[in-house]
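Okay, thanks everyone for coming. I'd like to walk you through a structure that most of you haven't seen yet, so let's get it up on the screen.

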Amino acid sequence: MTEPLLRVRDLKTYFVTEHGSGTARAVDGVSFDVQPGETLGIVGESGCGKTVTSLSILRLIPEPPGHIRPGSFIEFEGRNLLTLEPRELRAIRGNQIAMIFQEPMTSLNPVFTVGDQIAEAAIVHQRLSRRAARTRAIEMLRLVGIPDPEERVDHYPHQMSGGMRQRVMIGMALVCHPKLLIADEPTTALDVTIQAQILELLDRLQAELGMAVMLITHDLGVVAGSADRVVVMYAGQVVEQAPTAALFARPLHPYTEGLLASVPRLDAPPARERGRLHGIPGQVPAATAWPDGCRFHPRCPYAWDRCRAEAPPLLDAGGAGEPGTHTVRCWLLTDPRRRTPHP
Amino acid sequence: MLGAAVLALAVLAALRRRVRTTAPGRRFFRHPTAGPGLFVLAFFVTIAIAAPVVAPYPPYYQIDIAHPNRPPSAQFLLGTDPFSRDVWSRLVYGARVSLGIGAVAMLVAATVGTAVGAVAGYFRRWVDTMLMRLVDVGLAMPRIFVLLMAAALWEHIALWVLVLLIGLTGWFGTSRLVRAEVLSLREREFVAAARALGAGAGRVIFRHVLPNAAAPIIVSGALGIGHMMLLEAGLSFLGLGVPSPTPSWGNMIADGWHKMAVAWWSSTFPGLAISLVVMALNAVGDALRDALDPRKEAA
């Protein structure tokens, strides 16, 4: 394998809560790599630490109350982002690593034209003149598929629909041709047809510009269509990591299994449970009080004594490829006979 | 005078036509006192700018020192004062001083207040705590006493020092307002997006936060000019503001008030001017608030 573009090791981002209810360990020892040019999907329910992970990479965690624990390590092209000076960090943000936010309705500044906002990163990082930046903004609008870019460049965000605003956001993020794009739920706020268009756009731009994409989502359908590899997060940890095809063919962690089972399918009407959609019982526990042992055990259909007592490490699941290609944080791997259909 | 009134009306009509096309513009003129208030302001600004044309006499010229206190007539529109100076001419030149001091002092106050509020609200932590405690102290001090003390210490106070003093004691309220606005704006997603693009603190504050806080700043500025003018008038009336031969509406009242019984006009007209302008500013400020700030919060 080539040298990874981004290497995250043992990332711990904690938030000190007010009212003394303890420390929220929102991200608690997360490690993964992003290879140049690949799409990495990061999947999990709300509250499992996906967004905090992505904000930590750009060091956009509000401090206080948040802080990244010493011992965490985020390396981008051989440089540790956690020890950079604010000035060096700003030179990377928006230039080498860009981010798209969840809410296209609120992520654009209402008082500036979209052209001004797209041009901003180019002016900040490449010191373009206003005229050159405007030309660039028009180019970007055309690239992200907005009709009449010469006219649209002078429009304000409120004159555009949600899908168009998300396209503008993508244009803003890509104006400096970053090597890594972090897309935090880029399609969650959009309706399904627009979702598909935006994902297609991201795929096309990724191929054209040769960048890596970290696609953060709670929608497995999105991941299945676009990602090369998937990291499944639960309760601030990585619980399973595998190439997309392997993950969908052979989900090993009970949480992944549950997630996959809860995706509605058109081709196989759910015979089980009297035609009702499957759900994982319970909800993600509070980040101030993760359960002891395996953090998933209170919701796991297979849990036994060992799961309650001992936290499992990431275990290699074998399968195709070199060791470490498919890893799972589950004791079942040591005792596969316990994986029985549960009553 | 008539000319000034006509010009003011023309300005008003032009503005109304211009602004009627936008929603905030319509909201502004829906306010019942917005039109008259704007007219009064336009009128006084016009005569202040055109003072040499509008005033029949130089403001210091003592016309007939043997016969002061002439009543209003065709020759002396608003009469003459106890020093036999034409009240209308002094009122016109006084508009320059009084309106000018009010506007510049407010500009100083708004600038300092906005800067302090933005820094406190954006950086939070100890910067915020320190600045806001300073503001608490400033708000707790009776302003008129601070100004009186400063004026008494200086003896002959220069006009620009007076403006600075009034401005620098008037920014506390604005800074609180701006801080509150910045506190909510800094959590907005587009601010996070701007930071993710690599914008530094200065860029984020000036391009993304403050433009979105413009409406309340403008409103509090418009309402604040009135306070500033009243303060100047009060100080000048006490003889500690604008020094005497220079006409300001405050010291014109002071010059005439002990002859109120025989020559009511020399104090009444500048007093009326102050009241009118302050009322007009409040009316316009209120209308602006309704127009620009849908939440209609108190400034």
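One bit of vocabulary before we start: a crossing of two helices is called left-handed if the near helix is turned anticlockwise from the far one by less than a right angle, and right-handed if it is turned clockwise. Also, please keep in mind that what you see is a predicted model.

Let's use that term straight away, in chain B. Helix 3 of chain B, residues 34–49, passes helix 14 of chain B in a left-handed crossing. In general, two packed helices are described by the angle between their axes and the distance between the axes. For this pair, helix 14 of chain B covers residues 265–292, the axes come within 8 Å, and they cross at roughly 130°. Angles over 145 degrees would count as roughly antiparallel and 65 to 115 as roughly perpendicular, so helix 3 and helix 14 of chain B are called oblique to each other.

Who makes the contact? From helix 3 of chain B we have B:Ala34, B:Gly37, B:Leu38, B:Val40, B:Leu41 and B:Phe44. From helix 14 of chain B come B:Leu276, B:Val277, B:Ala280, B:Leu281, B:Ala283, B:Val284 and B:Ala287. If you sort the residues of that contact by character, you get twelve nonpolar, one polar and no charged.

Now over to chain A, and its sheet. This is an open sheet of eight strands with mixed pairing, and the order is 7-8-9-3-10-11-13-12. Strand 7 (97–100) and strand 12 (315–316) of chain A are at the edges with a single partner strand each, so each has one side without a neighbour in the sheet.

Let's walk in from the strand 7 edge. Strand 7 of chain A runs parallel to strand 8 of chain A, residues 180–184, and four bridges join them. As an example, A:Ile97 has A:Leu180 in strand 8 as its bridge partner. Step on, and strand 8 of chain A pairs with strand 9 of chain A, again in the parallel sense, over five bridges. Here A:Leu180 turns up once more, standing opposite A:Ala212 in strand 9. One further step: strand 3 of chain A, residues 39–43, also pairs with strand 9 in the parallel sense over five bridges. In that pairing, A:Gly41 has A:Leu215 as its bridge partner.

So is strand 9 of chain A, residues 212–217, mostly covered or mostly open? Mostly covered: six of its six residues are buried. In a regular strand the side chains alternate between the two faces of the sheet. Here, A:Ala212, A:Met214 and A:Ile216 point one way, while A:Val213, A:Leu215 and A:Thr217 point the other way, and all are buried.

Helix 1 of chain A tells a similar kind of story. Eight of its eight residues are buried, so helix 1 is largely enclosed by the rest of the structure. The list includes A:Lys50 as well as A:Val52 and A:Leu55.

Just after helix 1 of chain A comes A:Arg59, with a positive phi of about 55°. A:Arg59 is in the loop between helix 1 (50–57) and strand 4 (66–68) of chain A. This residue counts as partly exposed because it has 17 C-beta neighbours inside 10 Å.

There's another arginine to look at, A:Arg127, with a positive phi of about 50° although it is not a glycine. A:Arg127 lies in the loop between helix 3 (114–126) and helix 4 (130–143) of chain A. This one is exposed, with 9 other C-beta atoms within 10 Å.

Quick stop at A:Leu201, in helix 7 of chain A, residues 192–209. Leaving out residues up to four places away in sequence, A:Leu201 touches A:Val144, A:Gly145, A:Arg167 and A:Ile170. With 18 C-beta neighbours inside 10 Å, A:Leu201 counts as partly exposed.

Last thing: where the chains meet. 21 residues of chain A are in contact with 14 residues of chain B. Which elements of chain A give two or more residues to that side? They are helix 2 (86–92) and helix 3 of chain A, and helix 3 of chain A gives the most, with four residues. The side of chain A that touches chain B divides into eleven nonpolar, six polar and four charged residues.

That's my tour, thanks for listening.

Key
Residues numbered from 1 in each chain as written. Chains lettered and ligands numbered in written order. Predicted model: local features only at pLDDT ≥ 70, side-chain atom pairs only at ≥ 80, totals over all residues. Axes fitted to C-alpha atoms, helices over the stretch in contact; angles between N-to-C directions. Parallel < 35°, antiparallel > 145°, perpendicular 65-115°, else oblique. Contact = placed C-beta atoms within 7 Å. Nonpolar A, V, L, I, M, F, W, Y, C, P; charged D, E, K, R; others polar. Pairing = 2+ DSSP bridges. Buried ≥ 20, exposed ≤ 12 C-beta atoms within 10 Å, placed from the backbone.
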